[in-house]
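Welcome! Please take a look at the model below, and then we will walk through it together.

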Amino acid sequence: MGSTANFTASAPTTGGTGACITFKTRRVTANSLQAVVAASGSGGSVSRTSDLLASTSAAAILLFAGYRGQSNAKGNEGAISLRQQYKALGFANTLSTIQPLVGIAYTDGVDSAELESPRYGFAEGLRQLMQDDGLAPAAADINEIVVGLSAQGGTSLAENTIGTERYIANLAQLAASVVHAEANDQEVVDLGDGFDQGERDAILGVTRAVHRSGLIEMATGRDADGREIVPGDNPRLTVATQTCSAVKSYATGDQGWEIAMAQIEAHRASRLYTIACSTYQWPFADDRHRTAAAQRLVGAMQARVMYMMARWGVRREPLMIVQTYVDAGDLILIGNRSLVVDTVDVSAQVGCGINVYDTEGAPLIFDTVEAFGRGLRFSFTNSVEAGFTWDYGNISMTGKAPYLGGGGNIRQPSTPSPLVFDGVELNDWLLLDEGIVG
């Protein structure tokens with residue numbers, strides 16, 4: 001990413017809260033795009049606690065999160081978030097001039113009007129979480145939320161990773177937030193980025209291994225670069241959604257499933273790349289783009305992940321299978337939380353989306369399913385044996401048109417009560433996954 005250098009104002013002030021500011025800059029590209037990396041004053045700094053959202057001084061807090069990826073990060077349908085909520089701030093796509101987070105025109109020459117990015121739901125969801133915990137006044141006179149955007153439809157992971165134009169633009173937006181915070185005597189908390197990408201890599205035929213390693217490398221770099229701009233020990237998460245716009249076919253080798261598996265494997269391998277939710281649970285405008293209303297819900301889900309890390313230092317886990325075994329010829333799936341079958345919010349899929357294959361690769365025929373606590377018992381017309389393979393969501397869903405990707409009917413129960421946003425319960429649905437029966 002380049003070298004660093006320190007610069008001090010030629011005529012520093014000696015009094016007040018802005019005394020003697022030193023800016024450290026980082027040369028990011030060959031054309032010397034500069035980003036403000038850190039600022040320290042002679043008045044001292046505020047000590048951090050494990051709760052980054054509860055300031056220990058009179059200074060307010062500025063919370064920054066970026067949004068990166070392809071069209072689902074940028075938006076597909078026209079904006080429905082038409083009012084600036086809680087004084088949230090943001091940027092036009094890839095630009096670094098801070099302004100109200102509403103009605104910000106895109107600059108990519110494609111869209112003539114604002115589209116509904118998840119960042120609107122993110123800003124409102126984060127504020128709602130803070131209010132519910134008594135951390136922020138409704139008027140939002142302090143503790144500003146700033147949400148960036150550096151996204152472009154149809155772009156690959158390679159076009160969004162370290163050193164790319166959009167990656168650098170995201171860091172510049174973080175740096176601009178630091179400048180804004182310094183001018184307003186605020187602390188800065190860099191939460192990380194929302195990230196929504198994968199469909200393009202499926203089309204390009206990117207392999208599971210390449211996509212997985214690329215996600216981990218990008219998330220690791222974003223954490224390191226964020227610490228350069230805003231020093232601190234808190235992880236800067238890359239919070240994604242799990243995509244599966246096209247399903248894997250054992251006959252044709254389509255890559256949609258491989259990208260979904262790369263994402264869940266990256267989640268398990270890296271503490272910095274995390275999945276907030278599945279994709280299949282949301283309404284879709286076409287075969288791969290969520291509706292504007294769903295975009296707001298996804299943003300709120302991502303806000304919950306970043307909030308828990310900033311508030312308690314805990315990485316919130318999505319709903320996943322953690323154990324499988326055979327009991328009396330049935331397949332037992334154990335989740336990291338309780339599991340139920342829902343055929344109301346998502347229309348019934350054969351086997352709830354579960355497939356089981358014998359050692360020869362032949363599929364077993366589904367019979368019944370029974371939920372118990374954190375487990376599900378699946379019966380088939382033939383007995384399941386250890387060593388068989390299973391997957392969840394490796395289907396082309398029915399009753400979800402225009403979405404034709406993978407998914408199923410398994411989610412977490414609504415009790416204890418989940419976060420409710422826009423009148424919708426934000427339940428966790430099981431991530432797409434696969435494995436060998438233990």
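Among contacts (heavy atoms within 4.5 Å) between residues at least 6 apart in sequence, 71% join residues at least 24 apart. This is a predicted model, where local features need pLDDT of at least 70, side-chain atom pairs count only at pLDDT 80 or more, and totals for chains, interfaces and linings use all residues. Residues are numbered from 1 along each chain as its sequence is written, and side-chain values use heavy atoms, leaving out hydrogens and water.

The chain holds seven helices and 22 strands; helices (H or I, at least four residues) and strands (E, at least two) are DSSP runs numbered from the N terminus. Of its 438 residues, 56% are buried, meaning under 20% relative accessible area with a 1.4 Å probe, protein chains only.

Now meet Ser-278, in strand 11 (residues 273-278). Ser-278 counts as buried because its relative accessibility is 0%. Beyond residues up to four places away in sequence, Ser-278 touches Gln-242, Trp-429, Leu-430 and Leu-431.

Trp-429 also joins Tyr-280 and Tyr-392 in a cluster linked by ring pairs. Rings of Phe, Tyr and Trp (its six-membered ring) pair if their centres lie within 6.5 Å; planes under 30 degrees apart are stacked, over 60 edge-to-face, and the rest tilted. The count comes to seven aromatic pairs. One of them is edge-to-face, Tyr-67 with Phe-122. Here are the two partners:

| Residue | Element | Burial |
|---|---|---|
| Tyr-67 | strand 4 (residues 60-69) | buried |
| Phe-122 | helix 2 (residues 118-132) | buried |

Their ring centres are 5.9 Å apart, with 75° between the planes.

Key:
Buried means under 20% relative accessible area, exposed over 50%, partly exposed in between (1.4 Å probe, protein chains only).
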